[in-house]
Structures are given as C-alpha cells and as structure tokens.
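Grab a coffee and work through these exercises with the structure open beside you. Try each task before reading its solution.

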Amino acid sequence: MLNGIPCMLMRGGTSKGTYFLASDLPSDPKARERALLGIMGSPDKRQIDGVGGAHPLTSKVAIVKKSERPGVDVDYLFVQVFVDEAKTTTSQNCGNILAAVGPFAIEKGLVAAQEGETFVTVYMENTDSVAKQRIRTPGKKVEYSGEAAIDGVPGTHAPIMIEFLDVAGSSCGALFPTGNFADEVNGLNVTMVDNGMPVVMIDARSLGLKGDESIDALEANSELKATIEALRLKVGPMMNLGDVKDKTVPKMTIVSPPLNGGLINTRSFIPHRVHDAVGVLAAASVATAVNIPGAVGYDIANIPSGQRRVCEVEHPTGSMGVEVVLNDDPHNMIPKSTAIMRTARLLFAGTAYYLDK
C-alpha cells in the first residue's frame, strides 16, 4: 500500500535530508524505520526507489517536535538511514542536519519568527545536549539567501550561527573518555575525544600517509581501511560506546599539518566511507582536542592564541571554522562553548511516499 507523509527536503550544512514532524511519523519504532527506509529508497546503493542521494551524507533524517523542556523550543532526533542496508541508527548526532532544524521549526510553526532574527534552542535527543541557533528572519520569515559561504556548498546563503552549550562527553560520558589525552591502541598513538561527536584522531605519519591524499585514493586503500576498522572496533568499548560493529561511531579522523594556514588538516572516515568534508560536531571535537598539549595533532597544528579561538579545520574540499572558547580555569580542558557557522536551504515541501510492504 502506498502511504504518504508530509515532509520537507532541506540542505543543512554539507548534508541533505528529509525533515519530519514527529507527530506525522508512525509512533511504533519498527513501523517508523520501515517508513524511513521506504522513503529514502534503502537498501539499494543507488536509492533509486526513494529520495535518498546514494551516499551517507544525503541519506539523513531529522525528526522534530515542540519541546516540553524548560528553556528549549524544539526536540530534534537525528536518524542515519543506511544506503545499502535495511537499517537505521540514532546512535550519533549530526550537526549539519541540525543547521536546518531551526528553519524547519519556524516554517512549521513550532517557533514563532521574530522581526530581524530568531533564536531557536534545540534539544538534541541523540546526545542529550543543547544547541542555540540564530536565524535571520526579516519580515518574520526565514531568509535563506545571504553572503555566507561554507566549503562544500556552492554559492552563498544566509548564515546560521550554532552555539553548542553542553556537548562535551555527550556520547562517551567525558570529553576524553579514557581520561588520557592520548593512548596507544593497536600500536598507534591516538586521541579519543567527544565534544559532541565521538572521534578518534590518528597522525597521518603513523599510517604511512601524508594526509593530503584524495578521497578516491583513501577509498581504494583496502589495507588502510582494514587498519582503521580494526582500530575502530578496538576503541569502541574504551570510549564507552560498547560494540561498534554495527554503529556509525566513532568517526576515524586522520590528521596532518595544515595546508592552507588553518588549524590542522583532516581526512575523516564516517566510518566506512571517506567524508567529502568533515562533520560539524566532528570538527568541534577535533578543534577542541588539537588545542590541548599532549593530544594527537597538537605538535603539528597551527594553534591560535587567546581564550576565544577561531580554528579552521581543513578537509578535502576546504575548511570549517570552529570557534572554541576556553574555560576560565586553565587547568580545566573542557571548553566553555563551541560555535560553528553553517547555512541551510529549503529545497522541497510536500509529501513523501513509500510502499508499506
């Protein structure tokens, strides 16, 4: 039977996904998963029978509802829909898809737009954390056009500032889940960090890489991918994530000296494909760790000065700016706040259909 569900297709940052009101989706988790798989067209590497874009970055879902939490406007649940498997996961957050949650909430009437700009406070269900978004709303309507550019997206759009208020340790229980700035695992020196996204940082040199390899070259390196996956499986329990065999975390990030004057250069496995750029919250985790003496990457990074530091995390298609505000106590390594500028755009509003088999 063909079923239809109201939705919006939106670009958030460098990702793209379908955005739903929680009340429009089936309440039963299994029925909801069937609906999302059908809408996206999974499992199929082309997702030809759905609206997915045949890549993890374009096979994403945001489920949004008005929040009952004090001081919070909306609750946001991120769902990663696997491309070639009949599976979804909520084990991670997505800061790119988050970028369009505020605009979606305003478009759907969950938040009343203010004249000039509107603040939307979002509770991120996946990681039990909160972000505050500042969105341009001239004439009390979301403005998508503007002068802000982000690498990985053509053209310019209206900026959306996202401040992450309490994301340190949101998935792993601590900013550095092992209690160390660096650990030796499988003969490799790694940093395990969670400032909104569980990330494992590895120096490119220890893998016999320069760090500027192309995405295609890394994707074709089967020996490297096997090494990265073996490491990921080993560190999962160490990061309090349990068995990560069927999870999309942690993100495995190779770091090397910056190429264009940024903080550091990265290549990210997400976890089995190489990211065209770098995830928003992954960039926040990397930028936080690299600023700390003893962490992997500190010795090769271009560290800014001051307590408020704008750090450009370089990636294959450019860089992502992360503002890290250090704690007033120099002995406290947990940052006071982390903020990132993103853009978003409404692409389509209507009804998504799927066959409930």
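**Exercise 1: Charged pairs**

Glu-85, Lys-87 and Asp-246 are linked in a network of salt bridges. Keep in mind that this is a predicted model.

Task: find how far apart the closest N and O atoms of Glu-85 and Lys-87 are, then sort Asp-75, Arg-69, Asp-328 and Lys-336 by burial.

Solution, step by step:
- Start inside the network: the closest N and O atoms of Glu-85 and Lys-87 are 3.3 Å apart. Glu-85 has 37% relative accessibility, so it counts as partly exposed.
- Next, take the salt bridge between Asp-75 and Arg-69, at 2.7 Å from N to O. Buried means under 20% relative accessible area, so Asp-75, at 3%, is buried. Arg-69, at 36%, counts as partly exposed.
- Then look at Asp-328 and Lys-336, whose salt bridge has its closest N and O atoms 3.1 Å apart. Asp-328 comes out as exposed, because its relative accessibility is 54%, while Lys-336 is partly exposed at 42%.
- For the full tally, a search of the whole structure finds 14 salt bridges.

**Exercise 2: A buried arginine**

Task: Arg-342 is buried yet has no salt bridge, so to speak a charge on its own; which side chain does its side chain make a polar contact with?Solution, step by step:
- Locate Arg-342 in strand S16, residues 337-342.
- Check for an opposite charge: the nearest such side chain, Asp-151, is 7.4 Å away.
- Now look for a polar partner. The side chain of Asn-96 makes a polar contact with that of Arg-342, at 2.9 Å.
- Leaving aside neighbours within four places in sequence, the contacts of Arg-342 include Gly-13, Thr-14, Ile-150, Pro-159, Val-280 and Met-320.

**Exercise 3: Helix H1**

Task: work out whether the end-to-end span of H1 agrees or disagrees with the expected one, and what sits at its two ends.

Solution, step by step:
- H1 runs over residues 29-40, which is 12 residues; at 1.5 Å a residue they should span 16 Å, and the end C-alpha atoms are 16 Å apart, so the two agree.
- At the N-terminal end, Asp-28 is the cap, with a side-chain oxygen 3.2 Å from the backbone nitrogen of Lys-30.
- After H1 comes Gly-41, with a positive phi near 90 degrees.
- Buried residues of H1 include Ala-31, Leu-36, Leu-37 and Ile-39. Among the elements covering the buried residues are strands S1, S2 and S17.

**Exercise 4: The cores**

Task: which residues of the largest nonpolar core touch the most other members?

Solution, step by step:
- The core has 87 residues, and those touching the most other members are Val-74, Tyr-76, Leu-98, Phe-164, Val-200, Met-201 and Leu-231.
- Helix H6 (residues 280-290) supplies the largest share, nine residues.
- A second, separate core of 16 residues includes Cys-7, Leu-25, Val-61 and Ala-352.

Technical notes. Residues are numbered from 1 along each chain as its sequence is written. This is a predicted model: local features need pLDDT of at least 70, side-chain atom pairs count only at pLDDT 80 or more; totals for chains, interfaces and linings use all residues. Side-chain values use heavy atoms; hydrogens and water are left out. Helices (H or I, at least four residues) and strands (E, at least two) are DSSP runs, numbered from the N terminus. The expected span of a helix is 1.5 Å times one less than its number of residues. Buried means under 20% relative accessible area, exposed over 50%, partly exposed in between (1.4 Å probe, protein chains only). Contact means heavy atoms within 4.5 Å. A polar contact is a pair of N or O atoms within 3.5 Å; within protein, one must be able to donate a hydrogen and the other to accept it, and residues adjacent in sequence count only if both atoms are side-chain atoms. Lys and Arg count as positive and Asp and Glu as negative; His and the chain ends are not counted. A salt bridge is a side-chain nitrogen of Lys or Arg within 4 Å of a carboxyl oxygen of Asp or Glu. A nonpolar core is a set of buried Ala, Val, Leu, Ile, Met, Phe, Trp, Tyr and Cys residues joined through side-chain atoms within 4.5 Å.
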